[in-house]
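Me: I would like to learn how to read the fold and one helix of a model. Can we go through the features in turn?

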Amino acid sequence: MYRVLFPEGRRLAVTLSYDDGVSSDARLISLMKKHGLRGTFNLNGGCMHGEGSMRGREYVYRMKPDEVREVYKGMEIAVHGYTHPFFEQLPRDRAVYEVTRDREALEELAGYPVRGMAYPYGTHNREVEDMLEQVGIVYSRTTRSTESFALPTRFVTWDPTCHHNNPRLTELCDHFLHDENRYGSGRLFYLWGHSYEFGLNDNWNVIERFCETMGGREDVWYATNMEIYRYLTAQRQIETSMDGSMLYNPSATDVWFNRGGEALCVPAGQLVRV
């Protein structure tokens with residue numbers, strides 16, 4: 001049986017996803033980079049006005065357009081609705097506008113195609129999900145915490161592991177890092193939240209501890225949401241013979257599997273016989 005592994009045969013992957021594009025993202029990104037973590041920041045292209053307010057002891061403002069490329073360098077930028085709407089409450093044409101206008105605005109700032117998303121307020125319905133796939137969005141994060149490390153089955157409703165304020169965060173990190181099954185599939189820890197919450201709740205120590213615990217490990221793949229999407233998509237495109245002895249990789253990405261407790265690489269564009 002073939003089970004999912006991540007690049008270089010790693011069994012663990014970690015990604016973060018933070019919303020709204022606010023000034024406190026810079027501090028969070030600095031912490032992430034210090035420990036080698038990667039992630040995705042979901043921005044509202046129509047809300048980049050620089051206005052702010054006190055969040056606890058910190059003044060937090062909406063990121064300004066001329067700050068975006070430098071602040072988010074090395075991370076992924078993704079859609080969060082042009083004006084942060086409740087998508088399921090919008091007429092279809094307006095919902096389409098909110099996504100496509102946000103993509104357009106963010107692509108101009110980022111300098112690359114923006115095709116990922118997180119649902120504002122976490123709300124959506126099947127009509128919204130279908131619309132996203134029609135306008136070029138390939139994945140969208142929900143706010144339904146699973147407290148599991150399962151890989152997404154449907155990317156347009158990608159559930160995270162947990163919010164950073166989850167009272168079981170330390171326990172979940174411990175399970176993720178130490179309860180390893182050498183014959184199992186790769187596991188993903190997906191953390192989400194808003195960086196302004198750390199100032200609001202005076203708990204920057206929570207994310208500092210998370211980064212220290214989860215970061216800097218050779219057995220973990222640190223990736224953005226889009227990198228995970230692209231890798232798993234390539235993996236799911238593998239063509240196999242009926243008896244499972246031949247695997248062909250039509251993609252441009254090397255992919256890895258767990259076969260009987262051993263890591264197996266199927267290089268890009270090649271056929272492997274086992």
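Reply: What follows goes from the whole chain to a single helix. Keep in mind that this is a predicted model.

Me: What does the secondary structure of the chain come to?

Reply: The chain has eight helices and 16 strands. Its radius of gyration is 19 Å, close to the 19 Å that the globule rule gives for 274 residues, so the chain is as compact as a globular protein of that length. Along the principal axes, the C-alpha atoms fill a box of roughly 60 × 40 × 30 Å.

Me: How many of the 274 residues count as buried?

Reply: Buried means under 20% relative accessible area. In this chain, 55% of the 274 residues count as buried. The chain exposes about 12400 Å², and carbon and sulfur atoms supply 47% of that area.

Me: Which share of the contacts joins residues at least 24 apart?

Reply: Taking contacts between residues at least 6 apart in sequence, 65% join residues at least 24 apart.

Me: Now the single helix. Which residues of helix 5 are buried?

Reply: Helix 5 spans residues 169-178, and its buried residues are Leu169, Leu172, Cys173, Phe176 and Leu177. They cover an arc of only 125 degrees around the axis, which means that they lie on the same side of helix 5. Thr170 and His178, on the other side of helix 5, are exposed.

Me: What do the buried residues of helix 5 pack against?

Reply: Their partners are strand 2 (12-19), strand 9 (162-163), strand 10 (187-193) and helix 7 (204-214).

Me: Last, how far apart are the mean positions of the positive and negative charges?

Reply: The chain has 31 positive and 38 negative charges, and their mean positions are 3 Å apart.

Technical notes. Residues are numbered from 1 along each chain as its sequence is written. This is a predicted model: local features need pLDDT of at least 70, side-chain atom pairs count only at pLDDT 80 or more; totals for chains, interfaces and linings use all residues. Side-chain values use heavy atoms; hydrogens and water are left out. Helices (H or I, at least four residues) and strands (E, at least two) are DSSP runs, numbered from the N terminus. The radius of gyration is taken over C-alpha atoms; the globule rule is 2.2 Å times the number of residues to the power 0.38. Buried means under 20% relative accessible area, exposed over 50%, partly exposed in between (1.4 Å probe, protein chains only). Contact means heavy atoms within 4.5 Å. Accessible areas come from the Shrake-Rupley method with a 1.4 Å probe; for residues, only the protein chains shown count as cover. Lys and Arg count as positive and Asp and Glu as negative; His and the chain ends are not counted. The place of a charge is taken as NZ of Lys, CZ of Arg, CG of Asp or CD of Glu. The arc is that of the directions from the helix axis to the C-beta atoms.
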